[in-house]
Amino acid sequence: MDKKKIRVLIAKPGLDGHDRGAKVVARALRDAGMEIIYTGLRQTPEMIAESALQEDVDAVGLSILSGAHMVLAPRILALLKANGQENVKVFIGGIIPDEDVPRLLECGVLGVYGPGTSTERIIEDIRRLVEPQSV
Amino acid sequence: MTLAENVLQGDRLSLARVLTQIENESEAGYQALNELFRRAGQAHLIGVTGPPGAGKSSLVNQLARYYRQPPQGAPKKVGIVAVDPSSPFTGGAILGDRVRMRDLAGDPGVFIRSMASRGSLGGLAAATSGIVQALDAAGFEVIFIETVGAGQAEVEIAHLAHTTLVVEAPGLGDEIQAIKAGILEIADILVVNKADRPGVEATLRALRSMLQLAHPSPHVFSANLVHGFAYDTAGLFEASEAESERELTGTNNGLWITPIQQTIATDGSGVADLAREIGKHYQFLRESHELKRRERARLAAELDFLLRERLVRHWQSQVTELQYNQTVDELARREISPRQAVDRLIHDE
């Protein structure tokens, strides 16, 4: 009797204090039947990687509005990999300039969602990315 | 090496994965538990329950910090299992207890795991006990189990934990008598958190009088009544054995007086005193043989639960969905009563 659920860590790295977007996404994923580990504001990359490990999540959603995404995202991806969690799907929401998107995707981010993205699209993407690998 | 062996070696990723398998009630999870069970049974299990917003997570954060940096003695490895409710409609959940536990980040002697209740109503999830066993086997010496925000009926934690803290806050219960009667009975230690808030005196007064009302003076619990609800361990021991235990422990050790502790979890006030009371309770449990009793009762309860689950599954395999639905239809038309429906489904297979 396997009761697999998709587990997603929603975290806000960096120093900006705007967590409305993170909460909206967390709530939408919850309503889609996922289990969301919400860690709150001002998380360091180390804290995020540690939470992702202890919670054995399938995906990590990062909310970044500070402009520091090109530093934070690669750092978090590297830490996840170092911990043996290279299979964890990482996506980013927030204010990300268009020209940065390809570079983020290149370094392993699987989705970049700017303002106005429908939550349905995020849900669909996570399901599509996570479900094939679930036992 | 099996996953369980890696866990015993101290590999954190393997531990996290085993916890997932246990939570998902997968075959791999059961197998790991079978391997880990023999190595468990060493940790002090501390339950933390109370209404939403009383400050359970903040208090666990502070207590964990205390055990990581005790004023004397070696630091203890701390495991934390925090349960939050699943939505009854979508099955989704937002697990937010880590928000209050950021002080513990970066400490390899701490492992925090959030769990959704996944439909269980007793304040814990069905797999919580297995998760705790795995952390126990992995060498965590103190394990906090934080329930969902609880009111009256969520007393399951008292089965699982050795020491149960019931956390209240001022202002949450003007009708404290009505709300707290159920949960008070399972408290080994009552904690009034947010003790800097107005109304704390009234809350303390209400709790004190509640303790006195429940157990007229001297307001003490006898060892066998520490948990007010029915689990009868007396029958598990030979009468003479129970008798001699009582002699051994003497009258003072046979009784635990539920203390009331005040804390302010946001700044740590009162946490050292609370930790001291927790230590005293653990010592009391060990010296009075109550620990063994509880352990045995807990395992018996778990066995009962698993037996029930297995029996239900066995029954389900023998009744077709059609039979079941037809019976529900008859029930809905009020042609048969619920009890008759049970008779039908159990006997007339």
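**Exercise 1. The central strands of chain B**

Which residue stands opposite Gly47(B) in β6(B)? Work outward from this pair through the strands of the sheet, and establish whether the residues of β1(B) are buried or exposed.

*Solution.* The model is a predicted one, and the steps below should be read with that in mind.

Step 1. The residue opposite Gly47(B) is Thr164(B), which lies in β6(B). The two strands concerned, β1(B) and β6(B), pair in the parallel sense over four bridges.

Step 2. β1(B) is also joined to strand β5 (residues 142–146) of chain B by five bridges, again with the strands running parallel; here His44(B) has Val142(B) as its bridge partner in β5(B).

Step 3. These pairings belong to an open sheet of seven strands in chain B, with parallel pairing and the order β4-β2-β5-β1-β6-β7-β10. The edge strands, each of which pairs on one side only, are β4 (110–116) and β10 (260–262) of chain B. On average, and with direction ignored, neighbouring strands of this sheet are turned by 20° against each other.

Step 4. As for burial, six of the six residues of β1(B) are buried. In a regular strand the side chains alternate between the two faces of the sheet. In β1(B), His44(B), Ile46(B) and Val48(B) point one way, while Leu45(B), Gly47(B) and Thr49(B) point the other way, and all of them are buried.

**Exercise 2. From β7(B) to the two edges**

Determine how β7(B) is paired and covered, name the helix that lies across it, and then describe the pairing at the β4(B) edge.

*Solution.* Step 1. On one side, β7(B) pairs with β6(B) in the parallel sense over four bridges, and Leu165(B) stands opposite Ile189(B) of β7(B).

Step 2. β7(B) is also joined to β10(B) by three bridges, with the strands running parallel, and the bridge partner of Val192(B) in β10(B) is Gln262(B).

Step 3. Both faces of β7(B) are covered, since Ile189(B) and Val191(B) on one side and Leu190(B) and Val192(B) on the other are all buried. Helix α10 (residues 271–287) of chain B lies across β1 (44–49), β6 (163–168), β7 (189–192) and β10 of chain B, and runs at about 170° to β7(B).

Step 4. At the β4(B) edge, strand β2 (residues 78–84) of chain B pairs with β4(B) in the parallel sense over seven bridges; within this pairing, Ala82(B) has Ser114(B) as its bridge partner.

**Exercise 3. A residue in helix α5(B)**

Why does Val132(B) count as buried, and which residues does Val132(B) touch beyond four places away in sequence?

*Solution.* Step 1. Val132(B) is located in helix α5 (residues 128–137) of chain B.

Step 2. Burial requires 20 or more other C-beta atoms within 10 Å. Val132(B) counts as buried because 25 C-beta neighbours lie inside 10 Å.

Step 3. With residues up to four places away in sequence left aside, Val132(B) touches Leu45(B), Val81(B), Ile143(B), Ile145(B) and Leu160(B).

**Exercise 4. A helix pair in chain B**

Describe the packing of α2(B) against α3(B), and classify the residues that make the contact.

*Solution.* Step 1. The axes of helix α2 (residues 12–23) and helix α3 (residues 27–37), both of chain B, come within 7 Å and cross at roughly 115°, and the crossing is left-handed.

Step 2. From α2(B), Val18(B), Gln21(B) and Ile22(B) take part in the contact, and from α3(B), Ala28(B), Gly29(B), Ala32(B) and Leu33(B). By class, this contact has five nonpolar, two polar and no charged residues.

**Exercise 5. Chain A and its contact with chain B**

Characterise the fold of chain A, and then work out which of its elements meet chain B.

*Solution.* Step 1. Chain A has five helices and five strands, and from the N terminus on its elements run β-α-β-α-β-α-β-α-β-α.

Step 2. For 135 residues a compact globule would have a radius of gyration near 14 Å, and the 14 Å of chain A therefore agrees. Of these 135 residues, 48% count as buried.

Step 3. In the contact between the chains, 28 residues of chain A meet 27 residues of chain B. On the chain A side, α1 (20–31), β2 (35–38) and α2 (45–55) each supply at least two residues, and α2(A) gives the most, with seven residues. By class, that side has eleven nonpolar, seven polar and ten charged residues.

Step 4. Strand pairing also crosses between the chains: three bridges join β2(A) to strand β3 (residues 93–95) of chain B, with the two running parallel, and Ile36(A) stands opposite Ile94(B).

Methods: Residues numbered from 1 in each chain as written. Chains lettered and ligands numbered in written order. Predicted model: local features only at pLDDT ≥ 70, side-chain atom pairs only at ≥ 80, totals over all residues. Axes fitted to C-alpha atoms, helices over the stretch in contact; angles between N-to-C directions. Left-handed = near helix turned anticlockwise from the far one by under 90°. Contact = placed C-beta atoms within 7 Å. Nonpolar A, V, L, I, M, F, W, Y, C, P; charged D, E, K, R; others polar. Pairing = 2+ DSSP bridges. Rg over C-alpha atoms; globule rule 2.2 N^0.38 Å. Buried ≥ 20, exposed ≤ 12 C-beta atoms within 10 Å, placed from the backbone.
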